[in-house]
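Good morning, and thank you for coming. Today I should like to take you through one structure, beginning with its charged pairs and then turning to its interfaces and its cores.

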Amino acid sequence: MAKDEHKIIGEVTTTDYKYGFVSDIETDSISMGLNEDVVRLISQKKNEPEWLLKFRLKAYRKWLSMTEPNWAHLKIPEINFQDIIYYAAPKKKKELQSMDEVDPELVDTFNKLGISLEEQKVLSGVAVDAVIDSVSVKTTFSDTLAEKGIIFMSFSEAVQQHPELVKKYLGSVVPIGDNYFAALNSAVFSDGSFCYIPKGVRSPVELSTYFRINAANTGQFERTLIIADEGAYVSYLEGCTAPQRDENQLHAAIVEIIAHKDGEVKYSTVQNWYPGNKEGKGGIFNFVTKRGLCEGDRSKISWTQVETGSAITWKYPSCILKGDNSVGEFYSVAVTNNYQQADTGSKMIHLGKNTRSTIISKGISAGKSHNSYRGLVKVNAKADNARNFSQCDSLLLSDTCGAHTFPYIETSNPTAIVEHEATTSKISDAQLFYCQQRGISPEKSIALIVNGYAKEVLNKLPMEFAVEAQKLLSISLENSVG
Amino acid sequence: MSKNKTEIAPQLKEDLLHQFEATIDSFEAKESPFFVEKRKKAYEEFKLLGFPDNTLESWRKTNLKPFLERAYDIEYLPAKTTSPKESIFQCDINQFDTDLYTMLNGEWIEGANGVTTYDNGTIVANLSIAKLAFPDLFKAHYGECVINERNGLIALNSALYQEGYFIYVPDNVEHNTNLQMVNIINSEQSIFTNTRNLVILGKNAKLKLVHCDDSINNNSSFINNVTEICLQEGADLDLYKLQNKDDEAIVMTSTFIRQAKDSNLSSNTIVLNGGLIRNDTHVSLNGRGANADVMGLYLVDRKQIVDNHVYISHNVSNCSSKQVFKGIVDDQAHSIFNGHTMVKQDAQQTIAFQNNNNIQLTTKSKIDTHPFLEIYADDVKCSHGATVGQLDMEAMFYLMQRGICERNARMLLMSAFVRQIINEIALPTMRASVDELVQKRLKGELSACEQCSIQCIDPDKPIHFDIDISKI
Amino acid sequence: MLKIKDLHVSVQGKEIINGLNLEVNKGEVHAIMGPNGTGKSTLASVIAGNESYEVTQGEISYNGKNLLELSIEDRAREGIFLGFQYPVEIPGVSMTNFMRTALDEIREYRGQEPLSAAAFLKYMKEKKALVEMNAKLNNRSVNEGFSGGEKKKNEIFQMAMLEPKLAILDETDSGLDIDALRIVANGVTKLKSPENATIVITHYQRLLDYIVPDFVHVMYDGKIVKTGDKSLALKLEEKGYDWIKEELKAK
């Protein structure tokens, strides 16, 4: 069985990245490199208020004093931060009043990605904010949402229209000096999505941001800020793709979530940045800081991620459980193939009483890739009756890949109960034989078993995303064992 | 990362480097170039590395700085005590049915100045003599698996070590008396010692070895020990480490174990007391069919810190390993467990298991547990788990409903919790004795000196037993 | 339908089957009996194509094709079904999804259109009724959390779904209580037709009260040493295997 299995996994994983096209969109970009003037220029281009410029400059100065983190189980080639364009935006006519005014090439781009910007054609029940090269190009459904008092717009618009909200929450969960890439983002972020759900409102639709890097040599530094006020609820989806390019591109985003009393935010990501080719050339460096603050009592933040793309992934969506009885969840499927590297996991910081957290992580490694789970569960002295359960499983599909688990459990409370378990396995010959005996081809058998393995997490995704994610899993693993 | 790094304890480092420079001549006079070269190399490594600080991942949770900044007597001098050894070594731990060998302040004082050779060919000797007597064994094994680069303390030891023990069990010998090596600190000064041990088990040799660290006064001493163990094909070693130090004592042990085909290691480290105890165990499974069980138990209270680091490297296929550590952490004590199972690409059919369970008793105590898996082979069975929690409340209720008072119910459950580790001790007398020590420790009745007959702190203090667990 | 000539099979260098011959025609039911460790399950695995076993000599033809050249899944698509002695658990894969995938692929192989979702569910319901499978399957993973009896019933259910030409039931009766045994046996009997054939591997005669075999073979030491009709099974039940060993020695 073994030889065949290898051959098949090999064949299964050679499918090409189907989002690798480049769109011919006129771009307004500044010259390469980073210095204080560039930071000022970005702020100026976006017509930002003084306080935001100060925020950026403070972050920039902080960044200069920091060094790249080197503790992850990743081999990161040296990044020349002067070789990156820090601002690139699709040129747009002034204010867009209707769909007709959007660059047809751009509409076409999103159509190719299966995302319609025309509201009547939009997936039912999903409002989309499309971000291309870090600039939000179109937000659908804004008006419908506005009736409920929900603010869902690009970050730049929010800065202009709701400066008090942005000022209050920006950097409140991820401080500017939190880490090297967070500092960089805080200095140069160009756009992103902003979302505010007022007291007692449940968002009637799923909110979604679609990120795409298009221009060459650009870094994408978007910023997402989501606030669920008391008793509010929102489910938020994030998707991403990038063209196939030989050079590595940097993506250093920040997502901040604040959930007030009884508020709930469900954040789902299907990350499908270009992973590089089969020899490991090109691909996105995905260095992202995602953190949620369960500020109020009984608030809840839940992260679900399906990670199949990027040459290197470095991200740890986290929850700070400050409110009593607040809940944090992290569900993750991370697939690495060829030469991809991922060091990903979660942090659950228990501060409030009766706080609960769950971490379910499923790593799947194939080819010559490296896939690490790294997670921290910290229970503060005051977090009475805190509970955490973590389960981190790894599935290895080749004998040339690596699957690693690095959990950190740190507790200072005698009433805490923290449990961590993990297993490492491969697809058993018996399972494969059983499927094949029922007439299922080896490729499909592997896809079936892998999807079954990841099911616990896939089930947490909203419906439309789950289907997409399942397909993505099978595609990512095509040719996975060689 | 390393730019602008400020070193910790630069003064002590400087003093130790000087100490080396001052002693190197006497080393050259006593030792063959084989050893001197190794010392010189290690000296350079220590110079480069300095003491491990919090910027190193494996030292993130254990801060040596305050401990290193104390004043130590680092000079190499003969034992600074004149106490007659008979009175010192009649401690409880002595009653394990073992042949006892003792070191005082890093100096060998029992089986003195010589080599004990058993009828079966087994040799026990102090290191400095063995080095001269058995050059071939040393050439083949000394320094073979110690990795100085792991941290400055190891390099420091490799440069400056003076004394320690040497044990050799020849091929096909099952040594039937258990060996107990006791390292006692008793000094007016706070001393800094570098002790070094070498243990070699020949093909199919068998040995049960008990290593005790003990102290009999409250001076803060710093023990920096490196032990090197070589298990040849089919060899079988039971290694027990019993650490019962006073609250000020600092013990750093680094144990490197190299295992050949079909060899077996069963190691059990029991930490009952100590100021700062750090045990690094580094196992290389180099031959197919080798098995390593590394277990441990720690019971810490007050401001004690215990840090167990275990690194097991599966370098070839068909080996198995197990790491099981349990601990109870009270008061403001801090426990750290870091287990790391490395499965190299060629190590197919590896079976590895890792588990760390903790009971936390107070809000001021801290528990850090980091069970790591690093896997590069696909056909493996690896799993790990870690828990932090309390005693099972339902079980508490059940016991109390049967009329047992809360305190005793708690005691019963705590001893049940640690039993798994104690039961792994293969020496019946030792198991019984450790069990008793643990019971006393759980009741808060055991201080570092209590089981020592000298009772130097308070000889008149009667020993209390509030409850007798066995009668419940 | 199935012709096995001088089959030799070894696993990790150890020969398990040495010189086995067997011929099965459509419409027939064959029972293979014999003491433990004589190669009965190995034979089933080899026919299904399990690559842990190495065929060192001999041939197997199936409907005129060289079976040994076919992949596991193609053998299944050609109509060979193996009822596993120990059905495998596949966590997270629902029974519905599993059967749908299998049926679609088999239909595609046979040049048939895939069934619509509604038609599939209806079909599944019919087959469940046929084999008296009353456990809810929709949300359960393949064999995960199934009791021993449920697992065996599930095998018969899958057999009903896939409508094989040659069904090999490997110790399907082991571990079943009398009711479960009856249900399993009834299922097999209902699925029997003049067009298909069944090989029943069993230890006990009791299953053969329900599934009446046309031939009973006794396997010993890697080959078939005796063939008879149903009465042979009864004789084995009564006298055990020793008399066969005696007979062999006498030769």
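**Charged pairs, interfaces and cores**

Let us begin with two residues of chain C: C:E105 and C:R77 are both buried. Please keep in mind throughout that the model is a predicted one. The side chains of these two residues, C:E105 and C:R77, form a salt bridge, with 2.6 Å from N to O. Where do the partners lie along the chain? C:E105 belongs to helix α3 of chain C and C:R77 to helix α2, residues 72–77, so the salt bridge ties together parts that are 28 residues apart in sequence.

C:E105 has a further partner, in another chain. It forms a salt bridge with A:K444, and here the closest N and O atoms are 3.2 Å apart. This pair crosses between chains, running from helix α3 of chain C, residues 95–109, to helix α10 of chain A. Are the two partners buried or exposed? C:E105 counts as buried because its relative accessibility is 6%, and buried means under 20%. A:K444 has a relative accessible area of 42%, so it is partly exposed, a class that lies between 20% and 50%.

A salt bridge within chain A makes a useful companion to these. A:D393 pairs with A:K362, and the closest N and O atoms are 3.3 Å apart. The partners come from distant parts of the chain: A:D393 sits in strand β22, residues 387–396, and A:K362 in strand β20, residues 356–365, with the two positions 31 residues apart. A:D393 and A:K362 are both buried. How many salt bridges does a search of the whole structure find? Over all chains, the search gives 43.

I turn now to the interface of chain A and chain C. Chain A contributes 20 residues to the contact, and chain C contributes 32. Together the two chains bury about 2200 Å², and carbon and sulfur atoms account for 63% of that area. Which residues of chain A lose the most area to chain C? They are A:F433, A:Y434 and A:R438, which together make up 34% of what the chain A side buries. Two salt bridges are found across this interface. There are also 14 residue pairs in polar contact, both residues being at pLDDT 80 or more. On the chain A side, the elements that give two or more residues are α9, residues 429–437, and α10. Sorted by class, that side holds 10 nonpolar, six polar and four charged residues.

The next interface is that of chain B and chain A. Here 38 residues of chain B are in contact with 36 residues of chain A. The buried area is about 2900 Å², with 49% of it given by carbon and sulfur atoms. Between these chains the count of salt bridges is two. B:R60 and A:E410 meet through their side chains in a salt bridge of 3.7 Å, N to O. Polar contacts link 21 residue pairs across the interface, again with both residues at pLDDT 80 or more. On the chain B side, β19, residues 366–375, and β20, residues 381–389, are the elements that give two or more residues. Of the elements on that side, β19 of chain B gives the most, with 10 residues. By class, the chain B side comprises 13 nonpolar, 15 polar and 10 charged residues.

Finally, let us consider the nonpolar cores. The largest has 100 residues, and the members that touch the most others are C:L2, C:F98 and C:L166. Which element supplies the largest share of this core? That is helix α10 of chain A, residues 442–458, with eight residues. Recall that A:K444, the partner of C:E105, is placed in this helix. What surrounds C:L166, leaving aside its neighbours within four places in sequence? C:L166 is in contact with C:M1, C:L2, C:V24, C:Y62, C:G79, C:I80, C:F81, C:A197 and C:I199. Apart from the largest core lies another, of 83 residues, whose members include A:A232, A:I409, B:L201 and B:A205.

With that, I conclude, and I thank you for your attention.

Technical notes: Residues numbered from 1 in each chain as written. Chains lettered and ligands numbered in written order. Predicted model: local features only at pLDDT ≥ 70, side-chain atom pairs only at ≥ 80, totals over all residues. Heavy atoms only, no water. Core = buried A, V, L, I, M, F, W, Y, C linked by side-chain atoms within 4.5 Å. Buried < 20%, exposed > 50% of the residue type's maximum accessible area, 1.4 Å probe, protein only. Helix = DSSP H or I, 4+ residues; strand = E, 2+ residues; numbered from the N terminus. Contact = heavy atoms within 4.5 Å. Buried area = accessible area lost by both parts, 1.4 Å probe. Salt bridge = Lys/Arg side-chain N within 4 Å of Asp/Glu carboxyl O. Polar contact = N/O pair within 3.5 Å; in protein donor to acceptor, adjacent residues only side chain to side chain. Nonpolar A, V, L, I, M, F, W, Y, C, P; charged D, E, K, R; others polar.
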